[in-house]
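Thank you all for making time this morning. I would like to walk you through one structure, and I will keep to what can be read from the coordinates.

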Amino acid sequence: MSKRIATFLAMILAFALALTACVPGGDNQSSGTGEQVLTLTETAEPPSLDSAKSTDTVSFSILNNVMEGLYRINKDDQLEPGMADGEPQISDDKLTWTIKLKDAKWSDGKPVTAHDFEYAWKRALDPNTASEYAYILYPILNAEEFNTGKAKAEDVGVKALDDKTLEVKLKAPIPYFKDLLAFPTYMPQRKDIVEQHGDKYALEASTLVYNGPFVLSEWKHEQSFTYKKNENYWDKDTVKLTQVNVNIVKDGATGINLYETGKVDYTGVPAEMVDKYKSNPDLFTIYESTVFYLEMNQKKPFFQNKKVRQAFLMGIDRKTLTDNILKNGSVPAEGLVPGDIKANDQQKFRELSKISIEFNKDKAKQLLQEGLKELNMSAPPKVEILTGDTTGAKKDAEYFKEQLRVNLGVEATITSVPFKERLARSKDGRFDLHYGGWGADYNDPMTYIDVFLSNSAYNRGQWSNAEYDALVNKSKTNANFEERLQDLIKAEKILIDDAGVLPLYFRSRLGLKKPYIKDWKWHVIGPEYTLKWTYVEGK
């Protein structure tokens with residue numbers, strides 16, 4: 001999924017926030033009152049909370065706390081039933097899943113039904129919805145065909161047999177389908193609410209209904225949003241927090257100021273302040289299964305040359321980036337797939353996919369010169385690096401700019417824009433180099449590898465390789481899981497050898513949180529965090 005990455009105006013806004021101690025919902029209710037209220041920071045505005053259309057980490061994190069699918073990821077990073085009433089019945093051929101729903105309600109008191117799941121999944125697949133994540137539903141029979149105009153909605157293998165029974169038919173057995181049932185695109189939606197609000201659906205707190213632990217009670221765009229406990233949630237007795245205020249703060253120093261002055265209970269730690277806080281007992285590491293990379297726009301002739309791409313891959317010093325610039329526990333990327341992703345029940349994918357990305361500026365310069373000769377160019381063009389508007393993203397881009405200048409002799413400019421605009425520009429191909437990343441949607445290497453299929457909506461650089469496509473598409477329906485694994489290993493090697501993308505690092509982050517915050521679960525895979533079990537003690 002795309003990750004957030006501070007325009008000058010945003011910095012002014014955040015600075016004003018620090019000066020006024022602005023907290024959504026009024027006075028700072030989280031300091032010294034003993035109430036079950038927290039105040040947090042977030043670095044970006046969620047573009048949309050329509051689970052059929054959302055694509056980014058910020059939106060997914062919110063959806064994870066206000067909505068619930070058939071399953072959710074628990075405190076042990078394992079799947080547990082959400083709306084599902086126990087485990088599914090699975091046919092002997094593993095193609096038909098029958099799932100019973102528990103008695104649960106939406107935030108307006110209406111029951112959650114199997115029809116809400118059937119509607120949501122088919123809406124995401126409807127070509128008119130233009131969902132970029134429609135492909136994650138493709139394991140379902142005729143889902144891809146409907147999404148590509150080759151079948152009708154009634155042909156799709158999901159059907160509400162009655163209000164409490166959902167039947168799902170798959171096109172082939174896959175090892176991770178149950179994991180998908182916890183993913184946001186698989187969450188339910190109410191047809192009457194979607195149709196009532198039309199184009200405004202999920203763009204305001206008031207144009208949604210919720211079936212998760214919390215509801216979104218307020219959303220001040222580009223400023224803040226507020227969670228309140230959902231009194232109609234089926235497991236409401238587990239939820240201890242009554243309110244969570246979230247301030248959108250794009251400047252790391254402002255977030256630290258808010259934390260130090262007691263205005264927020266959590267904030268991220270920017271790289272320039274890591275040394276100051278490295279011995280602070282409030283410091284903690286946020287482990288992720290996320291890869292950050294530079295995508296090259298391969299509609300541009302310069303990046304259509306393989307040797308040019310390989311020069312860029314080899315010409316960036318990743319270890320200096322992680323050790324001296326990021327300083328947050330991130331490690332240089334050895335390939336595309338991070339180390340936490342499993343190959344099977346016994347082994348991790350990285351243990352089996354033996355790839356190394358070499359930093360060699362002399363060889364990189366040689367490759368660039370050879371590529372320029374093949375392109376009949378005497379010198380490389382100036383390139384634009386598209387990045388986010390946070391202080392961290394801009395600092396990283398400055399490092400890439402200097403690496404390209406010193407190691408390759410390539411001049412670069414930096415374009416830093418707000419999160420939503422960066423997503424739009426990258427989608428439209430308005431960049432030369434795009435600084436982005438991808439986090440695991442589920443625990444399988446496919447969650448990274450299929451991003452770079454030729455027809456993938458998230459393949460922003462539009463790299464294309466027929467052999468890669470064949471291996472990955474075969475793996476989507478291959479019931480021989482060992483053969484499937486070997487094909488995915490081959491596919492990753494093709495991607496790196498061809499420099500289809502420039503993996504940089506596997507990310508970890510650092511945060512500060514008050515010691516009275518208990519049981520705040522941050523997930524390595526899937527949504528960033530869950531507040532369902534969190535509570536305040538000893539404040």
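I will begin with the chain as a whole, then turn to its cores, one sheet, an aromatic pair and a few loop residues.

Please keep in mind throughout that this is a predicted model. The chain has 539 residues, for which a compact globule would have a radius of gyration near 24 Å, and since the chain comes to 23 Å, the two agree. Along the principal axes, the C-alpha atoms fill a box of roughly 70 × 60 × 45 Å. Within that box the secondary structure amounts to 17 helices and 21 strands. Buried residues account for 60% of the chain, while the surface it exposes is about 21,100 Å², with carbon and sulfur atoms supplying 48% of that area.

Let me go inside. The largest nonpolar core has 115 residues, and the members that touch the most others are Leu70, Trp121, Ile140, Phe177, Tyr186 and Tyr227. Helix H3, which covers residues 114-125, gives the most to this core, with seven residues. There is also a second, separate core of 36 residues, and Phe292, Val308, Ala412 and Tyr435 are among them.

Now for the sheet. It is an open sheet of four strands in the order S1-S10-S9-S8, and the pairing is mixed. Strand S1 (37-42) and strand S8 (214-220) stand at the edges with a single partner strand each, so one side of each is left without a neighbour in the sheet. From one strand to the next, the twist averages 20°. As a general reminder, strands of a sheet pair through backbone hydrogen bonds, either parallel or antiparallel. In the case of S8 and strand S9 (residues 224-229), the sense is antiparallel and the pairing runs over six bridges; as one example, Phe214 has Lys229 in S9 as its bridge partner.

What about the aromatic residues? The count of aromatic pairs comes to 32. One of these is formed by Tyr133 and Trp438, a tilted pair with 6.1 Å centre to centre and 35° between the planes. Tyr133 lies in the loop between H3 and helix H4 (143-147), whereas Trp438 belongs to strand S16 (residues 433-439), so the pair ties together parts that are 305 residues apart in sequence. Are these two residues, Tyr133 and Trp438, buried or exposed? Both are buried. They also belong to a cluster linked by ring pairs, which brings together Phe60, Tyr133, Tyr135, Phe183, Trp438 and Tyr458.

I will finish with three loop residues. Ala202, in the loop between helix H6 (191-197) and S8, has a phi near 70°, which is a positive value in a residue other than glycine. Because its relative accessibility is 0%, Ala202 counts as buried. Gln462, in the loop between helix H15 (446-449) and helix H16 (466-477), likewise has a positive phi, near 60°, and is a residue other than glycine. At 39% relative accessibility, however, Gln462 counts as partly exposed. The third residue, Ile355, sits in the loop between helix H11 (349-352) and helix H12 (361-374). Its relative accessible area is 14%, so Ile355 is buried, the cut-off for that being under 20%. Ile355 and Ala333 are 22 residues apart in sequence, and their C-alpha atoms are 9.7 Å apart in space.

Key
Residues numbered from 1 in each chain as written. Predicted model: local features only at pLDDT ≥ 70, side-chain atom pairs only at ≥ 80, totals over all residues. Heavy atoms only, no water. Core = buried A, V, L, I, M, F, W, Y, C linked by side-chain atoms within 4.5 Å. Buried < 20%, exposed > 50% of the residue type's maximum accessible area, 1.4 Å probe, protein only. Helix = DSSP H or I, 4+ residues; strand = E, 2+ residues; numbered from the N terminus. Pairing = 2+ DSSP bridges. Axes fitted to C-alpha atoms, helices over the stretch in contact; angles between N-to-C directions. Rg over C-alpha atoms; globule rule 2.2 N^0.38 Å. Areas by Shrake-Rupley, 256 points an atom, 1.4 Å probe, with all protein chains shown as cover. Phe/Tyr/Trp six-rings, centres within 6.5 Å; stacked < 30°, edge-to-face > 60°.
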